[in-house]
Amino acid sequence: MSSPSPVLNVNGIEVIYNHVILVLKGVSLQVAEGQIAAILGGNGAGKTTTLRAVSNLLKGERGEVTKGSIELRGERIENLSPADLVNRGVVQVMEGRHCFAHLTIEENLMTGSYTRKDKAEIARNLEKVYTYFPRLKTRRTSQAAYTSGGEQQMCAIGRALMTNPSVVLLDEPSMGLAPQIVEEVFEIVKDLNTKEKVTFLIAEDRKSVV
């Protein structure tokens, strides 16, 4: 029986910041369709840079891929914009639970639907997020600034789900969270992988991701 074909293929990439600072050299990885894969390492190992290279978020920090290639289902994607990648089903959840503090949980979630035009589809996606994250439905009218770290992390993942992704890049989702909340978050990740067939690439400094 043949193994699943790679949805993501990173081949020998090199990343340089500010034209001179070499951050990554010779990084290669493959992620199969429907897989949960992890990049493990300590601070400064290049995990975040690797994810940002895939999602094309390096330019905002004056970084660039100078060697190697990155392919999504066989298509070279180094020159696509982050918005192009979202439209192709790739979305990144940044480290640090980036939520709009002054917006409610539901308003934060709705910002993830900016690429969608079909109101019925948006409504279905929102209900799906609330199904997987019932705590967010309870707190949907609360300002994000007044919710817990765990709820903000769930909101950040939920916002990514509003784009109907096929590949989610999760950057250190356990950072600063209590072990019980970490376990809850990863159980939801496994559910999304099993039931929605979402592929995950997770960067963590923990040895037990799932």
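**Exercise 1.** In this predicted model, find which residues Ser142 touches, not counting residues up to four places away in sequence, and decide whether Ser142 is buried or exposed.

*Solution.* Step 1: list the partners. Beyond residues up to four places away in sequence, Ser142 touches Leu103, Thr104, Ile105 and Thr147.
Step 2: place the residue. Ser142 sits in the loop that runs between α5 (134-138) and α6.
Step 3: apply the cut-off. Buried means under 20% relative accessible area. Ser142 has 18% relative accessibility, so Ser142 counts as buried.

**Exercise 2.** State how many residues of helix α1 (residues 47-55) are buried, and what follows the helix.

*Solution.* Step 1: count. Nine of the nine residues of α1 are buried, and the helix is mostly covered.
Step 2: name some of them. The buried residues include Leu51, Ala53 and Val54, and also Lys47 and Arg52.
Step 3: look past the end. Asn56 follows α1 and has a positive phi, near 60°.

**Exercise 3.** Describe the largest nonpolar core and the contacts of Leu170, leaving aside its neighbours within four places in sequence.

*Solution.* Step 1: give the size. The largest nonpolar core has 33 residues, and Leu109, Phe133, Leu136, Leu170 and Phe200 have the most contacts inside it.
Step 2: find the suppliers. Among the elements that each give at least two residues to this core are β6 (90-93), α4 (119-132) and β7 (167-171). The largest share, seven residues, comes from α7.
Step 3: take Leu170. Leaving aside neighbours within four places in sequence, Leu170 is in contact with Leu51, Val93, Ile157, Val189, Phe200, Leu201, Ile202 and Ala203.

Conventions. Residues numbered from 1 in each chain as written. Predicted model: local features only at pLDDT ≥ 70, side-chain atom pairs only at ≥ 80, totals over all residues. Heavy atoms only, no water. Buried < 20%, exposed > 50% of the residue type's maximum accessible area, 1.4 Å probe, protein only. Helix = DSSP H or I, 4+ residues; strand = E, 2+ residues; numbered from the N terminus. Core = buried A, V, L, I, M, F, W, Y, C linked by side-chain atoms within 4.5 Å. Contact = heavy atoms within 4.5 Å.
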